[in-house]
Structure formats: structure tokens, C-alpha cells
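Reader: I have just opened this structure and would like to understand the words used for it. Could you walk me through them?

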Amino acid sequence: MGIKTVVIAAAAIIIIALLAALLGLGGGGKQTQSAEPPQTSAPGQSQTITSTSAIGGSLTGGGSTFINPQMVAWSKRFYEATGGKVQVNYQSIGSGAGTAQFLEKKLDFGASDVPMPRDKYEQVKGRFMQFPVIIGSIVVVYNVPEIAYEKTGKYLNLTSEVISLIYTGEIKQWCDDRIKAINPGLADKLPCRDITAVHRSDGSGTTAAFTLYLSKAYPPWNQTVGWGYTVKWPVDERGKGVGAKGNEGVAQAVLQNAYSIGYVEYAYWAKNKEKYDKIGGVAYLKNDNDGKYYFPSAEAVSAGASAALERYRAKYGQVPAPDADWNPVSIEFPNPPKGYPLLSFTYVFVWKDYSAEGYGNAPGKAALIRQFLQWVLTEGQKQGNLVEGYIPLPPDLAAIGLEALKQVKP
């Protein structure tokens, strides 16, 4: 073999070796390769986004129980889209715990129904990003056999004032005149039985959104109870209050306790709709701004979300950058000018630099986070990938998250 032939062969070997190294994407051990995945576009965007992953691995996220049904569905669909290469393990532990564990680096990403609390935000400002990934609604469910939807064909009407007075322990029985006054079609059937008010026992973004709604719509609540992941529930001392863990726990507590009331994310009611209709139902909520009662339909929630975002932009202009404080947006979201009044974003928290934060196999971790959340903000927003009750983001909001993911490194 001539010298020229040897040189060409050696060069070919070097090129092949370099290509193999470039395809590895870091993180020692055995690596797998696959064909270049198909690409999709965000709704209303021309930018192409990789929808499946060329590398294998797993991610651990956690927090909001509000988003858990949707996150489980997304994780399953993404696992299928990557040919089983990427496993996303989501821990439904509550927004408070999810935020804490994200900050402690125990999770790869966190999820919360309110943005990073301001005090925590100041501690990690510039190092992390937050952006919404979905819109959902909170519904008020009740267990009152005498007025069960299956018997009466009617659901209760409730207002922010009546809900507040139930959770402060001032309204103690279902036959209270204030409940009768807004339910003329059910007034003669409302029983004089004590109300059990079920609330979350853990730090909860659902509680934060629920109590924020009451604080905005009924000022006396804000003056006495306020809002947050956890609050001191007056009904625990003045009436019959019961704590339960997670949206799952509240949903089951209401089903199991006659004459109870509780608040859960829509999907937890929808999953158990037939059971609730047999023993009670879900409430129409009055929007105190336009005076109308709304069922938590997709149309009513979408109308509420659009109106809330319009109000925010009228006050502040454009929505914040992903590394900015999103609390002003969260505060404007409940109690919108029109539409269903009790709704929330769920936000995802990610680090800007996973290597600087001390994560093992940081390049692989960052690559998986980019690919999974890009898929969530594009394919995941399509109707076929949404669980009943969740509303896709407007394209301009989805674009904020997509731009943020470009900054995730290494």
C-alpha cells in the first residue's frame, strides 16, 4: 500500500472518530444514536423546534399537583415520541415543595401555579428562568346529596363572597339564606346541615391561586386571611375545616365526606364527574366584574385568560422576560374583567447553567430539558396532547418559553 493511500485511510479514520465524538453530547458511558428527528413549529411561529430526542436519559421534575394530570400525559407522549429514549419522572408534591426542592437542586425542573416567591426570586435572580407552560382552572366541588346534579339537573351558583364566608366559618350550614338567595331553583332543597370546608394541608400553588382570587374579588378576605402557598384557615377554628394533601387529596375528601366543599384543578373534577354528579356537583362561579355566572368550560376559561392578559398589558405593557419577576402577571390573572374568574398559569422553573449549579452530566441534562420543554411548548399545546380542562398558551406566551430554553446551557 502506498504512502498516499495510507494517509487517506488515516484521515478517514480521524474524521469518523471526530464525528462519533461530536454526536456524543457529553456524559460518559454508552451512548446511543438515532436518525435526525422530525421538526415541528410552535403555533403561529415559523421557527422549527426539534420534537424528539436523539439522546437517551431521564429527567426529574416536580411541584404543582394542579398540572400533574397534564404533565403525566405530556411525559407519556414525549416518551413515545422519542422512541422510549427519554423518561420524564414528575413528582406531584405541591408547588411549595416543588419550589423548595428545585432550589435545593433535588429536581431538574420545578413547577408551580404561582411564580417564584419574591424573596426566593431575589436569592437566585439571574441564575434561573420561569415561564408559563399551560393555563388551567380551579373549580369548586361540593357533596350535598339533597341537591346532587343527578337528582336536580342543576349545579350550585356560588360567589366569591359566599365562598369566603364559608372558609372563614361565618356561613356554617347549607341552608344559609345567603346561599339560598343566589340559588332560587335549589333553595327549598338546601339542607340545614353543617358545611365541612376542605382545603389543602400542604404548601400549594392551587391554594395560592384560590386565595388570591378571594383576596381580589372579596376585599375583606384580603384584609383578614390574605393569600399564599399556605394560609391560616379561619374555618379550622370557627367551623368545620379539614386539610387534605394535594389536589388528589382534596378531590377524594369531598367525595368521601357528605356536606363538604373543596377546590381542585378542573381535571380532578372531570376525572370523577359521574361520582360528583351522584352526590353533589361543581359550581357555577360569578364573575364579580361582569356579574355573570360561568361554568368552567374551555370557552369560559379562555375568555377569562384573554381578558386577564389584556388587563395586564394595559397596566404594564409586555409580559416579563423569563428571568424577570412574574408575580405581577400572576396577581392580574384571577378575577379577570370577564369570563370564568378562577384560573391560573402553571410555571416551570429551569436553571440557566446546569453545570454552574452543580448538576451531574450537565450537558446531557440541559439538552434533555431543552428538548422536553420545547416539545411541551409546541406539540404539547396541540389539542390531541391536552388533557380535558387545560387550555393552550397563546402563541406569544409559548414563544417566551421557547426563547428562554435557548439560554439553558451548557
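Reader: Which residues is Arg-200 in contact with, leaving aside its neighbours within four places in sequence?

Author: Happy to help! In this predicted model, Arg-200 is in contact with Thr-65, Gly-94, Thr-206, Thr-207, Trp-233, Ala-244, Lys-245, Gly-246, Asn-247, Val-250 and Tyr-263. Arg-200 itself lies in strand S8.

Reader: Why is Arg-200 called buried?

Author: Its relative accessible area is 4%, and buried means under 20%. The value of 4% therefore makes Arg-200 buried.

Reader: What makes the link between the side chains of Arg-200 and Ser-204 a polar contact?

Author: The distance is part of the test: the pair of N or O atoms must be within 3.5 Å. The side chains of Arg-200 and Ser-204 are joined at 3.1 Å, so the distance meets that limit.

Reader: How do you know that Cys-175 and Cys-192 form a disulfide?

Author: Their sulfur atoms are 2.2 Å apart, and a disulfide needs them within 2.5 Å, so the pair qualifies. A search of the whole structure finds one disulfide. Cys-175 lies in the loop between helix H6 (160-167) and helix H7 (177-181), and Cys-192 in the loop between H7 and strand S8 (196-200), so the disulfide ties together parts that are 17 residues apart in sequence.

Reader: Why is the disulfide of Cys-175 and Cys-192 called right-handed?

Author: The torsion about the S-S bond is about 115 degrees, and so the disulfide is right-handed.

Reader: Are Cys-175 and Cys-192 buried or exposed?

Author: Here the two partners part ways. Cys-175 has 11% relative accessibility, which is under 20%, so Cys-175 counts as buried. Cys-192 has a relative accessible area of 53%, which is over 50%, so Cys-192 is exposed.

Reader: How do you know that the buried residues of helix H3 line one face?

Author: First, the buried residues of H3 (residues 95-103) are Ser-95, Gly-96, Gly-98, Thr-99 and Phe-102. Seen down the axis of H3, they fall within an arc of 165 degrees, so they line one face of the helix. In an α-helix there are 3.6 residues a turn, so residues three or four places apart point the same way. The buried residues of H3 pack against strand S3 (57-63), strand S5 (109-112), S6, helix H8 (205-217) and strand S14 (343-351).

Reader: What makes Lys-105 stand out, and why is it called partly exposed?

Author: Lys-105 has a positive phi of about 65 degrees although it is not a glycine. Lys-105 lies in the loop between H3 and S5. Its relative accessible area is 29%; that is neither under 20% nor over 50%, so Lys-105 is partly exposed.

Reader: Why does Asn-361 count as partly exposed?

Author: The reasoning runs along similar lines. Asn-361 has 43% relative accessibility, which falls between 20% and 50%, so partly exposed is the right term. Asn-361 lies in the loop between S14 and helix H16 (362-377), and its phi is positive, about 45 degrees, although it is not a glycine.

Reader: Which residues have the most contacts inside the largest nonpolar core?

Author: They are Trp-74, Tyr-167, Ile-261, Val-350 and Phe-372, in a core of 118 residues. Strand S6 (residues 128-143) gives the largest share of this core, 11 residues. Leaving aside neighbours within four places in sequence, the contacts of Ile-261 include Val-140, Leu-158, Tyr-167 and Trp-174.

How values were computed:
Residues numbered from 1 in each chain as written. Predicted model: local features only at pLDDT ≥ 70, side-chain atom pairs only at ≥ 80, totals over all residues. Heavy atoms only, no water. Helix = DSSP H or I, 4+ residues; strand = E, 2+ residues; numbered from the N terminus. Buried < 20%, exposed > 50% of the residue type's maximum accessible area, 1.4 Å probe, protein only. Core = buried A, V, L, I, M, F, W, Y, C linked by side-chain atoms within 4.5 Å. Contact = heavy atoms within 4.5 Å. Polar contact = N/O pair within 3.5 Å; in protein donor to acceptor, adjacent residues only side chain to side chain. Arc of directions from axis to C-beta.
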